[in-house]
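Hi,

Here's the structure I promised to pass on. Have a look at it first, and then read my notes underneath.

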Amino acid sequence: MYLADFHSHSQISFDSTAPLGQMADAAVKEGLAELCVTDHCDLLDENGARVYEFDWHSALEQYRSTAPAYSGALRLKLGLELGMGHIDPASAEKILAQPELDFVIGSVHNLSPEAGGLDFYFRDHSRLETCYHTLDDYFSSMEKLAKTDFYDVLGHIIYPLRYMTAPVTLDRYWDQIDTIFRAAAGRGRGIELNTYRGQTIAEWKPVLEHWRDCGGEIVTLGSDAHAPQGIGGGFREACALLEEV
């Protein structure tokens, strides 16, 4: 089984303190063939303020000093998780122009600027009404993102659900999700099966079925690990699900 983790974060991300070498060591120990570090670059910060650039100097310095040590043991790639790329095409294009960049996850972590831009993590999702307001806004943003060229795969399609304690379902969104998937598939892009460090596997089955039925062919696996112990979490179960679907 060829295992590659294409969603991981290092100390370059605001929410991780792990050096890339520690993440790579964990990937080797887990038996992975490839690891792509995809540190955060969100064009809105946690509070919704605009962001216009990424610290490529630090990211490249870490990658260039780490990658040679794993030659022959692990294919270590340089990626980026670009959040809300559709809201500022000029900034997105400038950030993604880095020639050593291998791979881009297109993500939505925040409410739209029109809705205040708050990171979903900081919103209280205990009320059903709030959950559906978030999901309405989320899939609207993702539909706009899917029609751009600022990603290789769309990241964690069911992302906001991990923060919701109210009993929500995606039933009202499948038509919109299909529109998103057709846009991505039509551009030759993919989606990721984000295992959330092994915490979400079965939840992906209907998402993958819709992706398949919309003509989608590309699926990457991502652990969304922010520390070494999460690398490759749930990948073998995720591969089994992919084969089933």
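Let's start with the sheet: seven strands make an open one, running in the order β1-β2-β3-β4-β5-β6-β7 with parallel pairing. Do keep in mind that this is a predicted model. At the edges sit β1 (4-5) and β7 (219-222), each of which pairs on one side only. In general, strands of a sheet pair through backbone hydrogen bonds, and they can do that either parallel or antiparallel.

For one pair to zoom in on, try β3 (residues 75-83) and β4 (residues 103-107), which are joined in the parallel sense over five bridges. Along that pair, you'll find L82 opposite G106 in β4. Helix α6 (residues 205-213) packs on the sheet and touches β6 (190-194) and β7, with its direction at about 165° to that of β6.

Now for the inside. The largest nonpolar core has 74 residues, and W56, F139, L154, I157 and F181 are the ones that touch the most other members. The helix giving the most to this core is α4 (residues 128-146), with eight residues. If you click on W56, its contacts beyond four places in sequence are L78, L80, I95, Q98 and L101. There's also a second, separate core of six residues, with F6, C36, I105 and V153 among them.

One last spot: which residues does R189 contact, leaving aside neighbours within four places in sequence? They are D149, Y151, D152, A184, W211 and I218. R189 sits in the loop between α5 (174-186) and β6, and a polar atom of its side chain is 3.4 Å from the backbone oxygen of D149.

Cheers

Terms used. Residues are numbered from 1 along each chain as its sequence is written. This is a predicted model: local features need pLDDT of at least 70, side-chain atom pairs count only at pLDDT 80 or more; totals for chains, interfaces and linings use all residues. Side-chain values use heavy atoms; hydrogens and water are left out. Two strands pair if DSSP finds at least two bridges between them. Helices (H or I, at least four residues) and strands (E, at least two) are DSSP runs, numbered from the N terminus. Contact means heavy atoms within 4.5 Å. Axes are lines fitted to C-alpha atoms, for helices over the stretch in contact, and angles run from 0 to 180 degrees between N-to-C directions. A nonpolar core is a set of buried Ala, Val, Leu, Ile, Met, Phe, Trp, Tyr and Cys residues joined through side-chain atoms within 4.5 Å. Buried means under 20% relative accessible area, exposed over 50%, partly exposed in between (1.4 Å probe, protein chains only). A polar contact is a pair of N or O atoms within 3.5 Å; within protein, one must be able to donate a hydrogen and the other to accept it, and residues adjacent in sequence count only if both atoms are side-chain atoms.
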